Amino acid sequence: MFNRRQAYVHFFPGDGSAGAFALPAVTPDNPDESVEFLANNGEPTPVQRWMVVDASVAEEAIALFYESGERMSSVAWEEL
């Protein structure tokens, strides 16, 4: 999900596991603050800032997944 230049990226490996989400490279000053995203049903979806990455990172991760089916290794991922 994107909100301007911020994104929440979730990776589903396709093996039935819950997957993982990308972590920001630098811990934000206000990690518990929420960033509001709109889900594809139009509902506001708050995500804590410590789970939000820069949109450019999300774009790279999406492109890599599209090309290879793999998650980006240069990003830290939190397993669910």
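Val26 is a good place to start: this residue lies in the loop between strand 4 (20-22) and strand 5 (34-38). The model you are looking at is a predicted one. From this loop we can step back to the whole chain, which holds one helix and eight strands, and then visit two residues close to its beginning in the numbering, Asn3 and Arg4.

**Val26 and its loop**
- Is Val26 buried or exposed? With a relative accessibility of 63%, Val26 counts as exposed, because the cut-off for that label is over 50%.
- Val53 sits 27 residues away from Val26 in sequence, and the C-alpha atoms of the two valines are 9.2 Å apart in space.

**The overall fold**
- Following the sequence from start to end, you will meet the pattern β-β-β-β-β-β-β-α-β.
- What radius of gyration does the chain have, and what would a compact globule of 80 residues have? The chain has 12 Å, which agrees with the value near 12 Å for such a globule.
- If you like to picture dimensions, the C-alpha trace spans about 30 × 30 × 20 Å along its principal axes.
- Take the contacts between residues at least 6 apart in sequence: 59% of them join residues at least 24 apart.

**Surface, burial and charge**
- Of the 80 residues in the chain, 31% are buried.
- The chain exposes about 5,400 Å², and carbon and sulfur atoms supply 52% of that area.
- There are 4 positive and 13 negative charges in the chain, and the mean positions of these two sets are 6 Å apart.

**Asn3, in strand 1**
- Asn3 has its place in strand 1, which covers residues 2-3.
- The relative accessible area of Asn3 is 18%, so this residue is buried, the limit being under 20%.
- Which residues does Asn3 touch, once its neighbours within four places in sequence are left aside? Asn3 is in contact with Val35, Glu36 and Phe37.
- For Glu36 there is a further detail: the side chain of Asn3 reaches the backbone oxygen of Glu36 at 2.5 Å.

**Arg4, in the next loop**
- Arg4 is found in the loop between strand 1 and strand 2 (6-7).
- Arg4 counts as exposed, because its relative accessibility is 75%, with the cut-off at over 50%.
- The backbone deserves a look here too: Arg4 has a positive phi of about 55° although it is not a glycine.
- Most residues other than glycine have a negative phi.

Conventions
Residues numbered from 1 in each chain as written. Predicted model: local features only at pLDDT ≥ 70, side-chain atom pairs only at ≥ 80, totals over all residues. Heavy atoms only, no water. Helix = DSSP H or I, 4+ residues; strand = E, 2+ residues; numbered from the N terminus. Rg over C-alpha atoms; globule rule 2.2 N^0.38 Å. Buried < 20%, exposed > 50% of the residue type's maximum accessible area, 1.4 Å probe, protein only. Contact = heavy atoms within 4.5 Å. Areas by Shrake-Rupley, 256 points an atom, 1.4 Å probe, with all protein chains shown as cover. Lys, Arg positive; Asp, Glu negative; His and termini not counted. Charge placed at Lys NZ, Arg CZ, Asp CG, Glu CD. Polar contact = N/O pair within 3.5 Å; in protein donor to acceptor, adjacent residues only side chain to side chain.
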